[in-house]
Amino acid sequence: MLKKQCIAMLLAGGQGSRLGILTANMAKPAIPYGGKYRIIDFPLSNCANSGIDVVGVLTQYQPLELNAYIGSGSPWDLDLAHGGVYVLPPYVKGKQGEWYSGTANAIYQNVAFIEQFQPEYVLILSGDHIYKMDYNAMLQYHIRNDADVTIAVREVPWEEAPRFGIMNTGADNVIEEFEEKPAKPRNNKASMGVYMFTWEKLRKYLAEDAQRPNSSNDFGKNIIPAAVENAKSIAYPFLNSLGEPAYWRDVGSLYSYWKANIELCDIEPELNLYERDWPIWTYQAQSPPAKFAFDDDTRRGQAIDSLVAGGCIISGAKVKRSVIFFNTQIETGTYIRESVILPKVRVGRNCKLLRCIVDKGTVIPDNFQVGVDLEEDRKRFLVTDEGIVLVTPGMMNQRLHYERD
């Protein structure tokens, strides 16, 4: 293999249990987002746009759909002769195999993969965050500061800080202390789960951690605290062009997933998917253009402040501030507002869907209502504390036929 200055290892084996039924049959990074994307498109596109052309994707939980989606890596221009994207599931070594017991253990089990590229630096990424980031700029920052580990940080609202690993920093952004989900944080600089390591140091920490019988083999709980205590650790503030905290979302709950999608309907969304200088690449479903049918006063197909993907037919229905994923059909007289409709959904006539998530392949019958009476919805569907209703084929007593998009 050709020597690479920096390669990326993308942790994509998470279950995302707080997303409930949405992740029952797929890993969290494979969850659809924004009408045509999947969450993993963001770190993969960031790698491609940053010039990092070796990406190891570590999978474990429900990997089938994610593995098929990544394929050869061609949607992200990562199907290279000397590099590209590599799917790295747990495998048998010697006479036995073992699952990845933690994020650090997943990297440790793939040291041989990393070594074949002889990298000077290794970028550790999470596959379930939504953001645009130039990893090469972070690499250059790491080199200029002669750091052993550089951790991307973003200021979060103080009330949310206890949910994150918090970095207490001194002069020149040197990390003096790392607190994992502190009850009373001393600052709001949260780790984004994006780590740039000098490979020699990371290899040492991984080997030492593997020898500790009581270790959780986790970056946040074990590797990062050890690095902060024993090595030069630098915080990399994730800022936009105005010097403000840049867009980054951890869609760890149904509400945050719904909100991250609906935010795209803003007139000027904070995450701009239309920027040509930093495109988000994805596998393109082969679908015809979206179609809006009928133009009568009482029967007009229309979508206002919404995203509508290819293959959709809005037939005499009204859609407002919603995200409609590809190959969805919505019939006459139906009204949909502030909802996320995943691929291949069929919505019948005269329905009303408010503030809901409708899972892939669900069929909504004529004259059906969701989000109008939450007490009634709770008898059949999942309703979050914020009043977002999740509807799935199983909840409608329907069987979903899985097929590649």
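Trainee: Which residue of strand 25 is the bridge partner of V319?

Mentor: First, this is a predicted model: local features need pLDDT of at least 70, side-chain atom pairs count only at pLDDT 80 or more, and totals for chains, interfaces and linings use all residues. Residues are numbered from 1 along each chain as its sequence is written, and side-chain values use heavy atoms, with hydrogens and water left out. Strands are DSSP runs of E, at least two residues, and helices are runs of H or I, at least four, both numbered from the N terminus. The bridge partner of V319 in strand 25 is I336.

Trainee: In which sense do strand 22 and strand 25 pair?

Mentor: Two strands pair if DSSP finds at least two bridges between them. Strand 22 (residues 318-320) and strand 25 (residues 335-337) have three bridges. Their sense is parallel.

Trainee: What is the order of strands in the open sheet of five?

Mentor: The pairing in this sheet is parallel. The order is 19-22-25-28-31.

Trainee: Which strands are at the edges?

Mentor: Look for strands that pair on one side only. Those are strand 19 (302-304) and strand 31 (369-370).

Trainee: Which residue takes a positive phi in the hairpin of strand 11 and strand 12?

Mentor: Strand 11 (residues 165-169) and strand 12 (residues 175-180) pair in the antiparallel sense over five bridges. I166 has E179 of strand 12 as its bridge partner. Five residues lie between the strands, and the one with a positive phi near 60 degrees is D172.

Trainee: Which residues touch the most other members of the largest nonpolar core?

Mentor: A nonpolar core is a set of buried Ala, Val, Leu, Ile, Met, Phe, Trp, Tyr and Cys residues joined through side-chain atoms within 4.5 Å. Buried means under 20% relative accessible area, exposed over 50%, partly exposed in between (1.4 Å probe, protein chains only). This core has 94 residues, and those touching the most other members are M133, V194 and Y257.

Trainee: Which helix gives the most to this core?

Mentor: The top contribution is five residues. They come from helix 8 (residues 254-262).

Trainee: How many residues of helix 8 are buried?

Mentor: Among the buried ones are Y257, W258 and I262. The helix is largely enclosed by the rest of the structure, because its buried count out of nine is seven.

Trainee: Where is S233, and is it buried or exposed?

Mentor: S233 is in strand 14 (residues 233-237). Its contacts (heavy atoms within 4.5 Å), leaving aside neighbours within four places in sequence, include V149, N173 and A227. Relative accessibility is 1%, so S233 counts as buried.

Trainee: How many disulfides are found?

Mentor: A disulfide is a pair of cysteine sulfur atoms within 2.5 Å. C47 is in none: the nearest cysteine sulfur, that of C6, is 8.4 Å away. C312 is in none either, with the sulfur of C265 nearest at 13 Å. The search of the whole structure gives zero.

Trainee: Which helices each supply at least two residues of the lining of the largest cavity?

Mentor: A cavity is a set of points on a 1 Å grid over the protein atoms alone where a 1.4 Å probe fits but cannot get out; lining residues have an atom within 4 Å of a point. The lining includes A104, Y108, L206 and A210. The helices asked for are helix 3 (103-108) and helix 6 (199-210).

Definitions and conventions. On a 1 Å grid over the protein atoms alone, a cavity is a set of points where a 1.4 Å probe fits but cannot get out, and a pocket is an open set with protein on both sides within 12 Å along at least five of seven lines; lining residues have an atom within 4 Å of a point. Contact means heavy atoms within 4.5 Å.
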